[in-house]
Amino acid sequence: MIEHNNISNREIVLELKNLHKHFGKNNVLNGFNMQLFKGENLVIMGKSGSGKSVMIKCLVGLLEADSGTITVMHNDITKLDQEALDILRADIGFLFQGSALYDSMTVRENLEFPLRRHTKKFGEHIDTETLVVEALENVGLASAIDLMPSELSGGMKRRVALARTLILQPKIILYDEPTSGLDPITAKEIIILMQDIQKKYGTSSLIITHDVDCARAISDRMILLIDGIDYAVGTYAELSVSKDPKIKAFFKH
Amino acid sequence: MSALHSIKTQLKSFLTEIGELSLFTGRYFREAFKRPFEFKELLRQCYNMGNRSLLLVVITGFIIGLVLTLQTRPTLMEFGAVSWMPSMVSISIVREIGPIITALVCAGRIGSGIGAELGSMRVTEQIDAMEVSGTNPFKYLVVTRVLAVTLMLPLLVIIGDAIAIFGSFLVENIKGNVSFMLYFSQVFDALEFGDVIPATIKSFFFGLAIGIVGCFKGFYCEKGTEGVGKAANSAVVFTSLLLFIIDFIAVFVTDIFYDL
């Protein structure tokens, strides 16, 4: 709990309050609350279909929440117009579950793409080449710059997607299942890469996963998303010894 | 009761789709005139669509010209009216057969391609990734593609018409020993602006329909990879039906102008 007090003194960069979202008769989020502090790695765990991806998509405005507030760096995104939202999005990186690389573009073009709308952030005389090479060097794939996504392995695609996320130098990175579909060794490499990036750039990270190993390795704090609410909040050490059967189910191997 | 219920459900679903398609078209016109303009992507799409469909349009046009002349020749000979062949073939190709056949070929080639491409981008979250990066995916993907087909289709129709008339000339040259100069002077004597202009305007609407339906089906594709196949397939079916409806309206309107 001492650790919690230390964290709660820090600046909140992202906050969800009483978030509701339903699809037809299915209530996916039933009043979900969450706070992400500056420089923190917060892991959100939940079963498949529990609403983790819906929550993260509401966060960046890809889905519209039914009710509740979403505050990102002191901006209520539900009240922003499209232009203001796009400017704010430059500070939020999003790593998609399936990498989501543009398959008709080379790796270089994939990385250049986000820069075209955010010249204000870097100035008009933006050195695209340097930014692309630097982002690829961060993920150890500078040699893949002219390859097409179809020529990359699953792990390489995830690294390139991470480089594309990093190129706008975001303050917050949202990871949607960063290790899903990868073999254990590649998954471990991705986790180490995420830790290195956090150390190097001091970003705040929100990681959606159901991979317990990933959660243990990277989380400062965890939230268990059960029945559409923030059912339990705590560190990995605290939650993994809980007697609550719903919480225990997550940590069974 | 169940049959009636099924008809009601299908009708409701069809009308809902028409409504959504109308909203999508409205959004296209609003976004098309707003900055920023994606000129580079538009040129790339024009090149891709024009270049990739050209060979298919040329082959189809050539065969249509050959077949039309071969099939019509015996009947015209029976009435001693074979000298009317250049006029008849050119008018029927320019007014009707050329635009509709080229549009149907492009609906299969371009419409299904757009449906599958955007559908695949939707299910692999590439469209979401685009939006998160601050780029308006509707403007970048939809507006450029619809505009490209709308601009390219009339050009493809003109090329297809020319090749079809050339195919017809080859048959006449081989079978009736008609010279190039004689054949084409009769073609240009027969054709008027009143034949070419309505057909060209109609082709723009055909292009718009192919682009809008292909993009609509792909952009709102659902249900994973199965949905991609359905998006491509329904884009072709729906567009083909729409092309005939547009053709009917265009002919009807043109006919009113001819009567004036």
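**Exercise 1.** In this predicted model, decide whether Glu125(B) is buried or exposed.

*Solution.* Start with the count. Glu125(B) has 22 other C-beta atoms within 10 Å. Next, apply the cut-off: a residue is buried if 20 or more other C-beta atoms lie within 10 Å of its own. Therefore Glu125(B) is buried. Now place the residue. Glu125(B) sits in the loop between helix H3 (85-123) and helix H4 (126-132) of chain B. Finally, check the backbone. Phi of Glu125(B) is near 65°, a positive value in a residue other than glycine. Most residues other than glycine have a negative phi.

**Exercise 2.** Work out where Ala100(A) is found and whether Ala100(A) is buried or exposed.

*Solution.* Take the location first. Ala100(A) belongs to the loop between strand E6 (92-95) and helix H4 (107-112) of chain A. Then count: 24 other C-beta atoms lie within 10 Å, so Ala100(A) is buried. Last, look at phi. For Ala100(A), phi is near 55°, which is positive although the residue is not glycine.

**Exercise 3.** Determine whether the peptide bond from Arg35(B) to Pro36(B) is cis or trans.

*Solution.* Read omega. The value is near -5°, and the bond from Arg35(B) to Pro36(B) is cis. Most peptide bonds are trans. Then find the site. Pro36(B) lies in the loop that joins helix H1 (2-32) and helix H2 (39-78) of chain B.

**Exercise 4.** Describe the side of chain B that touches chain A.

*Solution.* Count the partners first. Ten residues of chain B are in contact with 14 residues of chain A. Then sort the chain B side by type. The division is two nonpolar, five polar and three charged.

Methods:
Residues numbered from 1 in each chain as written. Chains lettered and ligands numbered in written order. Predicted model: local features only at pLDDT ≥ 70, side-chain atom pairs only at ≥ 80, totals over all residues. Helix = DSSP H or I, 4+ residues; strand = E, 2+ residues; numbered from the N terminus. Buried ≥ 20, exposed ≤ 12 C-beta atoms within 10 Å, placed from the backbone. Contact = placed C-beta atoms within 7 Å. Nonpolar A, V, L, I, M, F, W, Y, C, P; charged D, E, K, R; others polar.
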